[in-house]
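Reader: Hello! I am new to this structure, so could you take me slowly through one part of it, the salt bridges, and then show me how the helices around them are arranged?

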Amino acid sequence: MAPRTDALTREVVDLIAAVVARYHEEYEEAAAKHALTGAQAKVLALLAREPLPMRRIAQLLKCEPSNVTGIVDRLETRGLVERRPDPDDRRIKLAAATPAGLDTAGRLGESLDFAREPLAGLSAEERGVLRDLLRRMLGQGA
């Protein structure tokens, strides 16, 4: 027989689920304002940080590489992403945000208020504790 989960743990899990649901809802709405799907917006946000091979994008998004190819194709058609050879291994193609893609990713990020507003009510110390606890939950250390 599996051990019963205590009420506090259930409440924390429910609250995390509510935060995740609200984040996804707002992310989809913000993406739509830029004529993007949520998946396209996530890929664009990743590529705004650094160029990545398609396989790595798929790993980060926990999806099939073929799905990433279609997403990158659509972003490329809109001029938001380009493919370029990896300078370290010319057999590998990197997807990279174009200047228009960087601009769109920046505007998209600025329009995501859900996470910023509640976090603004926490002190820097509280945000640091929350970050460290979340990292620990994800096995990333403190």
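**Salt bridges and their surroundings**

Author: Let us begin with Asp103 and Arg107, which form a salt bridge whose closest N and O atoms are 3.1 Å apart. Please keep in mind throughout that this is a predicted model. Both Asp103 and Arg107 belong to helix 5, residues 99-110, and four residues, about one turn of the helix, lie between their positions in the count. Asp103 has a relative accessible area of 43%, so it is partly exposed. Arg107 is partly exposed too, because its relative accessibility is 37%.

That pair is one of six salt bridges found in a search of the whole structure. Now turn to Asp73 and Arg83, where the closest N and O atoms of the salt bridge are 2.6 Å apart. This bridge links distant parts of the chain: Asp73 sits in helix 4 and Arg83 in strand 2, ten residues apart. Arg83 also has a salt bridge with Glu76, and there the closest N and O atoms are 2.4 Å apart. Taken together, Asp73, Glu76 and Arg83 are linked in a network of salt bridges.

How open to the outside are the members of this network? Asp73 has a relative accessible area of 34%, so it counts as partly exposed. Glu76, at 31% relative accessibility, is partly exposed as well. Arg83 is also partly exposed, with a relative accessible area of 27%.

Helix 4, the home of Asp73, is a good place from which to look at its neighbours. The axes of helix 2 and helix 4 come within 10 Å and cross at roughly 80 degrees. These two helices are therefore roughly perpendicular to each other. On the helix 2 side, the residues that meet helix 4 are Ala39, Gln40, Val43 and Leu44, and their partners in helix 4 are Ile71, Val72, Arg74 and Leu75. Sorted by class, this contact has six nonpolar residues, one polar and one charged.

Helix 2 has another partner in helix 1. Helix 1 covers residues 7-33 and helix 2 covers residues 38-49, and their axes come within 8 Å, crossing at roughly 90 degrees. That angle makes helix 1 roughly perpendicular to helix 2. From helix 1, His24, Tyr27, Glu28 and Ala31 take part in the contact, while helix 2 brings Gly38, Ala41, Lys42 and Ala45. In this contact of helix 1 with helix 2, four residues are nonpolar, two are polar and two are charged.

One residue of helix 2 deserves a pause, and that is Ala41. With a relative accessibility of 0%, Ala41 counts as buried. Leaving aside residues up to four places away in sequence, Ala41 touches Tyr27, Ala31, Leu36 and Leu108. Ala41 and Glu28 are 13 residues apart in sequence, and their C-alpha atoms are 8.4 Å apart in space.

The loop between helix 1 and helix 2 holds Ala35. Its backbone is worth a glance: Ala35 is not a glycine, yet it has a positive phi of about 55 degrees. Most residues other than glycine have a negative phi. Ala35 counts as exposed, because its relative accessibility is 54%.

A second positive phi, near 55 degrees, appears at Lys62, which is likewise not a glycine. Lys62 follows helix 3 and lies in the loop between helix 3 (54-61) and helix 4 (65-77). At 75% relative accessibility, Lys62 is exposed.

Helix 3 itself makes a nice last stop. Which residues of helix 3 are buried? They are Met54, Ile57 and Ala58. Around the axis these residues span an arc of only 100 degrees, so they are on the same side of helix 3. Among the elements that cover them are helix 2, strand 1 (52-53), helix 4, strand 2 (81-86) and strand 3 (89-97). This brings us back to where the network was found, since Asp73 is in helix 4 and Arg83 is in strand 2.

How values were computed: Residues are numbered from 1 along each chain as its sequence is written. This is a predicted model: local features need pLDDT of at least 70, side-chain atom pairs count only at pLDDT 80 or more; totals for chains, interfaces and linings use all residues. Side-chain values use heavy atoms; hydrogens and water are left out. Axes are lines fitted to C-alpha atoms, for helices over the stretch in contact, and angles run from 0 to 180 degrees between N-to-C directions. Angles under 35 degrees count as roughly parallel, over 145 as roughly antiparallel, 65 to 115 as roughly perpendicular and the rest as oblique. Contact means heavy atoms within 4.5 Å. Ala, Val, Leu, Ile, Met, Phe, Trp, Tyr, Cys and Pro count as nonpolar, Asp, Glu, Lys and Arg as charged, and the others, Gly among them, as polar. Buried means under 20% relative accessible area, exposed over 50%, partly exposed in between (1.4 Å probe, protein chains only). The arc is that of the directions from the helix axis to the C-beta atoms. A salt bridge is a side-chain nitrogen of Lys or Arg within 4 Å of a carboxyl oxygen of Asp or Glu.
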